[in-house]
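Biologist: I'd like to go through this model with you and hear the reasoning behind the labels. Can you put it up?

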Amino acid sequence: MLRRSFLAAFAAAALAAGSVPATAQETVKIGLIIPLTGPFTTTGKQLEAAAKLYMQQNGTTVAGKKVELIVRDDAGRAENTARIASELIQNDKVSFIAGFGLTPLAMATAQIATNAKVPMVVMMAGTSIITERSPYIVRTSFTLGQSAVIIADWAAQSKIKKVVTMVTDYAPGHDAEKSFVDQFKAKGGEVVESIRVPIQNPDFAPFLQRVLDQKPDALYVFTPSGVGAILMKQFVERGLDKSGIRLIGTGDITDDDVLPGFGDAAIGVVTAHNYSTDHPSAKNKDYVAAFRKANPGMRPNFASVGGYDGIHLIYEALKKTGGKTDGDALLAAMKGMKWESPRGPISIDPETRDIVQTIYIRKVEKKNGELYNVEFASFPDVKDPVKAAKK
Ligand code: PHB
């Protein structure tokens, strides 16, 4: 009896003082599931570096709780992503799952988030449909349609009349193709052919030969992050850089992570996207400097801002719930959130849980001896056009 009342009194005093030390149960865990091996390693590295940078800059105590990041490699394979997500939720008791470097990885995991009522923050994958697969999904990356529609408008206004499209043959490529083709045709353009290239061991060369023979005004391309390096090499090898056929696309093809290795043939490539290392805001200059300092030899690309903003969204949601980790409360906190990202102003659409952001048109230029995507036009508050068209 005595002992019990002593313990009760002690607990009450500690509570009243508001000074209960952080214990194991009070740690909020975030499971970051990303490709750190395999063909999409660069995406995983960018996401991890940015998530860690955010935590280093903002501390690891949020709303009185200790925040811990658990990083797991899925090698870019959907069966791994889903299994790791289940393990993290059941064994490690994570309160968030985050990452998702490719669309199939996010799709394979959506049902797990729904069943467990755990918020799932999509930091990279860009197919429109993903956010409709679970009410617990929130996206901090982009959708392909956002960039495709903007570059289609630009092409139609830039005396580009005939285009061949070439996309990687999986869901985001299909979105990138459809959004471009529909918009470009609506603006009076002609699409001569639409080519799809396999995602495994992509070889663009035979397709590029065909494009050379067709002589369109421009070749519009989507490839997932990193793969643009192979495309650019083959574009030059096949002589397309000297053919007068312009290369345009979503910004995935001139990914800032691999762009420095492209060579001068990339100068003049015009793309539309949500982020450039060269984005001239004060916030981005600080971000790029801090990222480079923490990760020598790397420069932040569009994957990185998805990771950085994804952790920001998690931190701010926890602040709003007072540290409570109830999935529904966290989702409610995330909906409608607005902030300034290194990419510019962004928000989470409260209806769709998808990202709303500025899309920039950029041209590859050399600055201080390095290639950059230099922004020359911007379109604020762009929502996913694929969802908008369904309404
Ligand atoms: C995707 O799989 O959704 C994806 C991956 C990389 C990109 C764009 C989309 O650059």
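Biologist: Let's start simple: how many helices and strands are there in the protein?

Modeller: This is a predicted model, to begin with. The protein has 12 helices and 15 strands.

Biologist: What makes the radius of gyration agree with a compact globule?

Modeller: A compact globule with 391 residues would come out near 21 Å, and the protein has 22 Å, so the two agree. Along the principal axes, the C-alpha atoms fill a box of roughly 90 × 45 × 35 Å.

Biologist: Now the ligand. Which residues come nearest?

Modeller: There are 14 residues around the ligand, and Thr 103, Gly 126, Tyr 170, Ser 225 and Asp 252 come nearest. By class, that shell has nine nonpolar, four polar and one charged residues.

Biologist: Why is the pair between Thr 103 and the ligand called a polar contact?

Modeller: The cut-off for a pair of N or O atoms is 3.5 Å. An N or O atom in the Thr 103 side chain is 2.5 Å from a ligand oxygen, so the pair counts as a polar contact. With Tyr 170, a polar side-chain atom lies 2.7 Å from an oxygen of the ligand. Gly 126 uses a polar backbone atom, 2.8 Å from a ligand oxygen.

Biologist: And is the ligand buried or exposed?

Modeller: Buried: taken alone the ligand exposes 280 Å², and the protein buries 99% of that. The space the ligand takes is the largest cavity.

Key. Residues numbered from 1 in each chain as written. Predicted model: local features only at pLDDT ≥ 70, side-chain atom pairs only at ≥ 80, totals over all residues. Heavy atoms only, no water. Near = heavy atom within 4 Å. Polar contact = N/O pair within 3.5 Å; in protein donor to acceptor, adjacent residues only side chain to side chain. Areas by Shrake-Rupley, 256 points an atom, 1.4 Å probe, with all protein chains shown as cover. 1 Å grid on protein atoms, 1.4 Å probe; cavity = no way out; pocket = protein on both sides within 12 Å on 5 of 7 lines; lining within 4 Å. Sits in = over half its atoms within 2 Å of the grid points. Nonpolar A, V, L, I, M, F, W, Y, C, P; charged D, E, K, R; others polar. Helix = DSSP H or I, 4+ residues; strand = E, 2+ residues; numbered from the N terminus. Rg over C-alpha atoms; globule rule 2.2 N^0.38 Å.
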